Amino acid sequence: MDYEQSDLYKLRHSAAHLMAQAVTELYPGAKLSIGPPIENGFYYDIEFAEPFREEELPKVEQKMRELSNLKQPITKRIASDRNEAKQIILQETTNGQGPENAFYKLELLEAIPAGDEVTFFEQRATDKQGKEHVFIDLCRGPHVENTGQIKHFKLMNVAGAYWRGDVKNKMLTRIYGTAFGSQEELDQYLHRLEEAKRRDHRVLGRELGLFMFSPIVGSGLPLWLPKGATLRETMGDFLKEEQLKRGYDPVVTPNIASIKLYEKSGHILTFREKLFPFMEDEEKETFVLKPMNCPFHIEIYRSQLRSYRDLPVRLAEFGTVYRYEQSGELAGLLRVRGFTQDDAHLFVRPDQLLDEFIGVVELMMLVLKKLGLQDYTVRVGTRDPASTKYIGHEENWKQAEDAIVAACQRLEMSYMVSPGDAAFYGPKLDLIVKDALGRDWQMGTVQVDYNLPERFELEYIGEDSKPHRPIMIHRAPFGSLERMIGLLTEHYAGAFPLWLSPVQIAVLPIADRHNEAAAALAERLRALKLRVIVDESRETLGKKIRENQRQKSPYMLILGDRDVEAGTVGVRHREEGDLGAMSVDTFLAKVQAEL
RNA sequence: GCCGCCUUAGCUCAGUGGUAGAGCAACCGCCUUGUAAGCGGUAGGUCAGGGGUUCGAAUCCCCUAGGCGGCUCCA
């Protein structure tokens, strides 16, 4: 059933009201704004006279329990007209605290379309001391019948949120909570959150030795440790091989360029706030740290005269770009300031656009399948007509958007359209994947661009001997290595599939008299391009197994007297446990089959 | 950037105004080990940095940096 029609949704909506009632009783002068149910609970945005701290949540929760126990009946009231609605807001919803507390509610009333019914929900009861509690809120509903039904809830955290989501407005205090129909479900949810923390790529990244951050290097600038770097290279090798099959040509371009390049591309106009501070040399030429690879690839395209027979030209580069993200937006590897895109730009003729676009989407699907990410949504980001952050003409945008929709239809792919999520030069198709905490992240992306070819006056000579303008496809199947590795780490909880695992096989000699045989075995495996370590620590086998389990090594090969004598190895698999002794050849056949 | 919270040994965390602690990891020694922690010992800290209050600050206040959860913004 649709969540928004469910009892749970109703319960959470009422829980938000209950919280708001508790807040108005505890904090005179608190101005309420909106308080909807959300995916895993509810929130209420409130303007407090004094800063509201997280440590105050138990106090609010306690008050909520008291108010819940009063079993206040919740009733609906319909305002007869706008004027009456206004009077109810001014006089009744402010809990007797004066009309200035109704500021946000009055704005909300104005936003309700003229013909629509205006409704309020009221909860009211008298406690044992004879004190009357009442709470009235402008609300569409629906709600549960009485507050006694709201029993299994918890206030989670406090955050800031701009009124109406607009940075120009005042920041309100948002209190997040959750509520369930039973204590068991609430406990399960809280338990799931704890579990998710254990999958957190920032925790696993340290435990597994994948990457690190150093304050002295700078925030948002990851340092890749050997095992993390191995992951990057393995992923890169896989994609490069696929690209080779598909006619991509590698290119390499610098990390900085003259500001002139970015003036021409339009980045200075539309992407300025994302650029790191400019560099100026003694001749006063200004350089910019690159935020995108496309202008460089465009210059390579422009370096020679292109015939219609040369197209499509597909230029690929794992290009590292730098974007000055706001400090509060950084999030482990999922949002950084320096990252490497598995970038490529396809320069195509109009008659090639659809096939090339589809080819790219098919490659992206192959990549996702190989990585084991099957849970994603497809988002088509289009231009928000009200925004000024885009370059180019309307007809170009229309053509590009039409091309993407046509491709989706031909691929019979389901997608959602999201206005305002286009790149500044063109619309795009993005793959969205959730992290361990359920947050959405944009991964792979394909973009259709008529605008940069125009700005750079790109041409090819057509069959008619006349110049024509190519169309560009920008694409990155991973999106960025940083984000993809962060996400994969959470997806696999650090237990990467064999082909990707930084250490594929850990050889565990039982006593140090087996070290030599272990080294010889490792050498043999490495010759077959397997990634192998030998654990020569002077520890018991149990300890070595424990440590290598923690490191999530897919296979452990145990080597003791029996094995040296019989020419076998004791094979242990990360998930399947002890697989018994077998010959090295048998083990290799098993590994090859799995790769 | 904004709102709230956090920062004690390499890691996870005790310690709330009166001499800085534990477990794991590290190092040393013993043990030479057969499928998830063998035993003993040693070393390790400007309590993020700076300023203030106080006879006295890890502890209270201010500033800065970094991190976490959101908002806004994006691969």
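**Notebook: RNA strand B and the fold of chain A**

I began with the protein surface around RNA strand B, where 61 residues were listed and Tyr-162, Ser-327, Arg-335, Gln-442 and Arg-538 come nearest. A residue was taken as near the strand if one of its heavy atoms lies within 4 Å of it. I note that this is a predicted model, in which local features need pLDDT of at least 70 and side-chain atom pairs count only at pLDDT 80 or more, while totals for chains, interfaces and linings use all residues. Residues are numbered from 1 along each chain as its sequence is written, chains are lettered from A and ligands numbered from 1 in the order in which they are written, and side-chain values use heavy atoms, with hydrogens and water left out.

**Entry 1. The RNA surface**

I asked which part of the strand faces the protein: of the atoms of RNA strand B within 4 Å of the protein, 53% belong to sugar or phosphate and the rest to bases. I then sorted the surface residues by class and found 19 nonpolar, 17 polar and 25 charged. In this scheme Ala, Val, Leu, Ile, Met, Phe, Trp, Tyr, Cys and Pro count as nonpolar, Asp, Glu, Lys and Arg as charged, and the others, Gly among them, as polar.

Next I looked up polar contacts, that is, pairs of N or O atoms within 3.5 Å; within protein, one atom must be able to donate a hydrogen and the other to accept it, and residues adjacent in sequence count only if both atoms are side-chain atoms. On the backbone of the strand, a phosphate oxygen is 2.5 Å from an N or O atom in the side chain of Lys-389. On the bases, I recorded a backbone N or O atom of Asp-561 at 2.8 Å from a base oxygen, and a polar side-chain atom of Asp-563 at 2.7 Å from a base nitrogen. The elements that give two or more residues to this surface are β7 (152-162), β8 (171-180), α6 (201-207), β16 (338-348), β20 (440-449), α16 (541-550), α17 (561-566) and β27 (568-573). Helices (H or I, at least four residues) and strands (E, at least two) are DSSP runs, numbered from the N terminus.

**Entry 2. Overall layout**

I counted 18 helices and 28 strands in chain A. Along its principal axes the C-alpha trace spans about 85 × 75 × 55 Å. An automatic or database domain assignment supplies the bounds, and chain A is divided into domain 1 (3-191), domain 2 (204-491) and domain 3 (505-594). The centres of domain 1 and domain 2, taken over C-alpha atoms, are separated by 43 Å.

I also checked contacts (heavy atoms within 4.5 Å). Among those in chain A between residues at least 6 apart in sequence, 70% join residues at least 24 apart.

**Entry 3. Burial and cores**

Of the 595 residues of chain A, 50% count as buried. Buried means under 20% relative accessible area, exposed over 50%, and partly exposed in between (1.4 Å probe, protein chains only). A nonpolar core is a set of buried Ala, Val, Leu, Ile, Met, Phe, Trp, Tyr and Cys residues joined through side-chain atoms within 4.5 Å.

The largest nonpolar core has 54 residues, of which Phe-357, Leu-429 and Phe-478 touch the most other members. Helix α11 (residues 353-371) gives the largest share of this core, ten residues. Apart from it lies another core, of 31 residues, among them Leu-11, Ala-15, Ile-46 and Ala-179. I followed Leu-429 further: leaving out residues up to four places away in sequence, its partners include Phe-357, Val-361, Ile-404 and Met-413.

**Entry 4. Single residues**

Is Glu-61 buried or exposed? I found it buried, at 15% relative accessibility. Glu-61 sits in helix α2 (residues 57-69) and touches Phe-153, Lys-154 and Leu-155, not counting residues up to four places away in sequence.

Leu-225 lies in the loop between β10 (223-224) and α7 (226-245) and is partly exposed, because its relative accessible area is 24%. Beyond four places in sequence, Leu-225 touches Gly-209, Leu-210, Phe-211 and Met-212.

**Entry 5. Backbone geometry**

I noted a cis peptide bond from Gly-141 to Pro-142, with omega near 0°; Pro-142 is in the loop between β6 (132-138) and β7. Another cis peptide bond joins Leu-311 and Pro-312, and Pro-312 is in the loop between α10 (294-302) and β15 (313-322).

Glu-412 has a positive phi of about 50° although it is not a glycine. Glu-412 lies in the loop between α12 (394-410) and β18 (416-419) and is exposed, with a relative accessible area of 75%.
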